[in-house]
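Me: I would like to go through some of the labels attached to this model and see what each one rests on. Please set the value against the cut-off each time.

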Amino acid sequence: MSERAIDRLLAIMARLRDPNGGCPWDLEQDFASIAPYTIEEAYEVADAIERGDLDDLKDELGDLLLQVVFHSRMAEEAGHFAFDDVAEAISGKMVRRHPHVFGDEGERSAGEVKTRWEEIKAEEKAAKGAAPESILDDVPLALPALTRAVKLQNRAARVGFDWPDTSLVVDKLNEEMLELSAEIAKGGEPDRLEDEMGDLLFVYANLARHLKVDPEAALRRANAKFRRRFGRIEEKLAAMGKRPEDSSLEEMDALWNEAKREERGG
């Protein structure tokens, strides 16, 4: 991006936040109120990538950049930092964390680079006097639950707290499924059902980690598949002059299986 383009964006945000004639909505916002939009825009970037829509990706990256500019502007108004400080901070961090590129260290394998990256991160935190009491402390609470589960498991795995074999994770998955089934059979209380369901999902996330599958990506893919196939059910019913609410489960299930066969080429 040219300097002129980013300067224009910064000027637009300053104008929107100007108490004299700025946008009332923008002026009402603070870090907490904008945070959900920041998260949403990051997901929309991921969605554009998954769909392979590069034109949309350009737009969504712009929306995400606007979030960075918005937070930076509010911080500047409060006398904390400005956009340039944000850019300088990440530039310095990337140089520090890539000594094999910007420093004197020789070439490394991808695995060694990742290990060194984590070591440098730990050194940075220690220098700030922010060493966590637990290796799990700095896994952000705001992450999607499945992503956070994988990050927690990865941190624990670094110190050897992990199943050595995928088959053991599958065994644990079956154990948790039996525990949930038992709780359902006895009409479990909502809290107990939530606990057992959470345990099951946590192990599913661990299985995905062992299989080197991103559980969030896998679930997004399943969601897209469900949306696509249910759309075919609606189309087929409409061709018969019917709607889903006017149809039986058996009829819709048959159409679902038909949609599956169509997708699979037969």
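Me: Why is Lys236 called buried in this predicted model?

Reply: The relative accessibility of Lys236 is 14%. Buried means under 20%, so Lys236 counts as buried. Lys236 is also listed among the buried residues of α11, including Arg229, Gly231, Ile233 and Leu237.

Me: What makes the contact of Glu258 and Lys236 a salt bridge?

Reply: The N to O distance between their side chains is 2.8 Å. The cut-off is 4 Å between a side-chain nitrogen of Lys or Arg and a carboxyl oxygen of Asp or Glu, so the pair qualifies. This pair links distant parts of the chain, with Glu258 in helix α12 and Lys236 in helix α11, 22 residues apart.

Me: Is Glu258 buried, partly exposed or exposed, and how do you know?

Reply: Glu258 has a relative accessible area of 29%. Partly exposed covers the range between 20% and 50%, so Glu258 is partly exposed.

Me: What ties Arg232 to Glu262?

Reply: Their side chains form a salt bridge, at 3.1 Å from N to O. Arg232 belongs to helix α11 and Glu262 to helix α12, so this pair ties together parts that are 30 residues apart in sequence. Arg232, at 29%, is partly exposed, and Glu262, at 38%, counts as partly exposed.

Me: How do you know that the span of α11 agrees with its number of residues?

Reply: Helix α11 runs over residues 215–239, which is 25 residues. At 1.5 Å a residue the expected span is 36 Å, and the end C-alpha atoms are 36 Å apart, so the two agree.

Me: What makes Asp214 a cap of α11, and at which end?

Reply: A side-chain oxygen of Asp214 lies 2.9 Å from the backbone nitrogen of Glu216, at the N-terminal end of the helix. The limit for a polar contact is 3.5 Å, so the distance of 2.9 Å passes. Just after α11, Gly241 has a positive phi of about 75°.

Me: Why is Glu183 called buried, and which salt bridge does it form?

Reply: Glu183 has 6% relative accessibility, and the limit is 20%, so Glu183 counts as buried. Its partner is Arg192, with the closest N and O atoms 3.7 Å apart. Arg192 is partly exposed, at 36%. Both residues belong to a network of salt bridges with Lys186, Asp195 and Glu196.

Me: Why does Val159 count as exposed?

Reply: Exposed means over 50%, and Val159 is at 59%, so the label follows. Val159 lies in the loop between α8 and α9. With Ile135, Leu136 and Phe161, Val159 makes a nonpolar surface patch of about 410 Å².

Methods: Residues are numbered from 1 along each chain as its sequence is written. This is a predicted model: local features need pLDDT of at least 70, side-chain atom pairs count only at pLDDT 80 or more; totals for chains, interfaces and linings use all residues. Side-chain values use heavy atoms; hydrogens and water are left out. Helices (H or I, at least four residues) and strands (E, at least two) are DSSP runs, numbered from the N terminus. The expected span of a helix is 1.5 Å times one less than its number of residues. Buried means under 20% relative accessible area, exposed over 50%, partly exposed in between (1.4 Å probe, protein chains only). A polar contact is a pair of N or O atoms within 3.5 Å; within protein, one must be able to donate a hydrogen and the other to accept it, and residues adjacent in sequence count only if both atoms are side-chain atoms. Patches are made of residues with over 30% relative accessible area and no salt bridge: like charges are joined within 9 Å, nonpolar side chains (Val, Leu, Ile, Met, Phe, Trp, Tyr) within 5 Å. Accessible areas come from the Shrake-Rupley method with a 1.4 Å probe; for residues, only the protein chains shown count as cover.
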